[in-house]
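Take a look at the arrangement below. We will go from domains to a chain interface and then to a single helix.

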Amino acid sequence: MTARAIRRRAKSAVMTGLVVGLALLAVLPLLLIFGDLIHKGATSIDWNFFVKSPVPAGETGGGVANAIVGTGIIVALACLAGIPIGVGSGLFLAEYGNGRLGWLVRFVADVMNGTPSIVVGIFAWTLLVRPVGHFSALAGGAALAILMIPMLARTTEEMVRLVPNSLREAALALGYPRWRTSLAVVARTAMGGIVTGALVAVARIAGETAPLLFTALGNLNFSTAVGHPMQTLSLQIYVYATGPFDEWHRLAWAAALVLMGLVLFVAIAARWVTRERYGVR
Amino acid sequence: MRPALVRHHTKNLGDRAYAGVLTGLALLLPLLMLAVAGQLTVSAWPALKRFGPAFLWTSTWDPVAEVYGAAPMIFGTVVSSLLGLLIAVPLALGAAIFLTEFAPRWLRQPAGFLVELLAAVPSVVYGLWGVFVLIPLLRTVAVPPLKALFGWTPFFSGVFYGNSMLAGGVILAIMIVPYIAAVSREVLLAVPASQREAAMGLGATRWEAVWTAVLPYGRSGIIGAIMLGFGRALGETMAVTLVIGNRHDLSASLLQPAYTMAAALANEFTEATTQMYLSALFAVGLVLFVVTVVINALARLLVWRVARGTAVGSKAL
């Protein structure tokens, strides 16, 4: 072997090692975060944490029942508006989206996906908080719905496009009108993928904080009234993390662990729904 | 792109209604974007009219005297994001190259899944970790050697109290690594195997194949992935708000507190007592919106050049 060949092989080996090292370094902080979450969160969770509302500052104990219920309600509100619009847009992109309008919608969806969520928050504030004069869970749900729509549009499109064209042709050949072909054959075949997309979107918005700061605002008491301020886990973590009390910091870690568990559970459920058909991707 | 339902006019009422409803729903997205731009502009108008373009380079932010300039926030946003990129890009590209080119086959699937999960960690959780773990770590482990080495430069001058530009940049880096890695990984997966095979067939080593064939082919997509990460860092709110110090200062030192546009909105929006104060905050929001839209639009066009039309990165939400 010539010296040059040896040098080239050595370089290849060194660079491979470097890439492996960088990859490990990339994962390290995330392992640290998970480690700390489990370590500091798990020691703070007890039954009361799930069933009680917060106690006044300075007292020990209390829980985040209000925040858990609030997260559920606000996410449900977001889904109510976001899923039909997002999935509908995605169906449009897959079925009629080859023209200029399709390009525009696809492009806007991708750009909106990168829009800071806090900007969406102030937009929701101008629409739903400023006119009525007070903060509400409804405004929070609307902000999260706006974040969901572009995500869902793109994942739905991708999933519907995976449906083989022969299925469409078979249904059309049997005399199905296009709309029934699209809904009863194409969308139904892609249902698993669409559900996955929706669950991934839910996992993402469930942890959002910034767009809720001036819409849902937060609420120290248990509340299920959607026309009024409501607490979520993410807002609770923010308040506790910025507060001066050790007891609050303990509760912040516990709430973070619960929120993380919730997000991971939904993300894994999303994978599980499509485990066979799209397992490769 | 595969022909979907062929688009031509049909007499079937159901078909027309269906197409109409879907088109209407899809039109909501561009309308929503116009509405966001419109609302921000209208609400920011009083401040824009009063301060003009000087709003961008004035460094006073005084709600009492009603003088507002966004320079410290714009500076802090750009510097913290660039610092984040500087740290994140090598790590993320290393991870993406490792996953697509070198990792054993059995590792690729779970590792890819892990990267996607990590991208779903809420921002506020990163912030919490930043406050209670990262900042103490920086104080004890990272800053003393940095000060010893570079303390004489203006970039590491002053006393380090914890909440700082450095902490903001590092937390941003940690947050955007999975994102850049996931998008780059999809770009690299879209590079045809024939590119690698051709290079190896000509006698290239593994690394030379990556460096001379795979990376150049995916270059515009990787640049797009980096820009997507940059756009994300610019608009990142909660984690940065918790660790950057939130002070309207212009300081070259990374060890000093700073501010970002998103953090200013998070902190001051509900406290804005006067119309002009609120309007100035809307102007900040408008600047942030316009900058992220431009960066994301460019990034998308670049990524699309490699992975045509696919929702690259959609799984990295």
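Domain bounds here come from an automatic or database domain assignment. Keep in mind that this is a predicted model.

Start with chain A. The assignment splits chain A into domain 1, residues 3-43, and domain 2, residues 50-273. Taken over C-alpha atoms, the centres of these two domains of chain A are 33 Å apart. How many residues of domain 1 of chain A are in contact with domain 2 of chain A? Five are, and they meet five residues of domain 2. On the domain 1 side, the touching residues comprise three nonpolar, one polar and one charged.

Now turn to the interface between the chains. Here 76 residues of chain B are in contact with 80 residues of chain A. Which helix gives the largest share of the chain B side? Helix α1 of chain B, residues 13-51, does, with 16 residues. By class, the chain B side holds 51 nonpolar, 18 polar and seven charged residues.

Finally, look at helix α10 of chain B, which spans residues 261-268. This helix is mostly covered, with six of its eight residues buried. Those buried are B:Met261, B:Ala262, B:Ala263, B:Ala264, B:Leu265 and B:Ala266. For a residue to be buried, 20 or more other C-beta atoms must lie within 10 Å of its own. What covers the buried residues of α10(B)? From chain B, the cover includes α2 (71-102), α8 (219-235), α9 (238-243) and α11 (275-306). Chain A takes part too: its α5 (117-129) is included in the cover of the buried residues of α10(B).

How values were computed. Residues are numbered from 1 along each chain as its sequence is written. Chains are lettered from A and ligands numbered from 1 in the order in which they are written. This is a predicted model: local features need pLDDT of at least 70, side-chain atom pairs count only at pLDDT 80 or more; totals for chains, interfaces and linings use all residues. Two residues are in contact if their C-beta atoms, placed from the backbone, lie within 7 Å. Ala, Val, Leu, Ile, Met, Phe, Trp, Tyr, Cys and Pro count as nonpolar, Asp, Glu, Lys and Arg as charged, and the others, Gly among them, as polar. A residue is buried if 20 or more other C-beta atoms lie within 10 Å of its own, exposed if 12 or fewer, and partly exposed in between; C-beta atoms are placed from the backbone. Helices (H or I, at least four residues) and strands (E, at least two) are DSSP runs, numbered from the N terminus.
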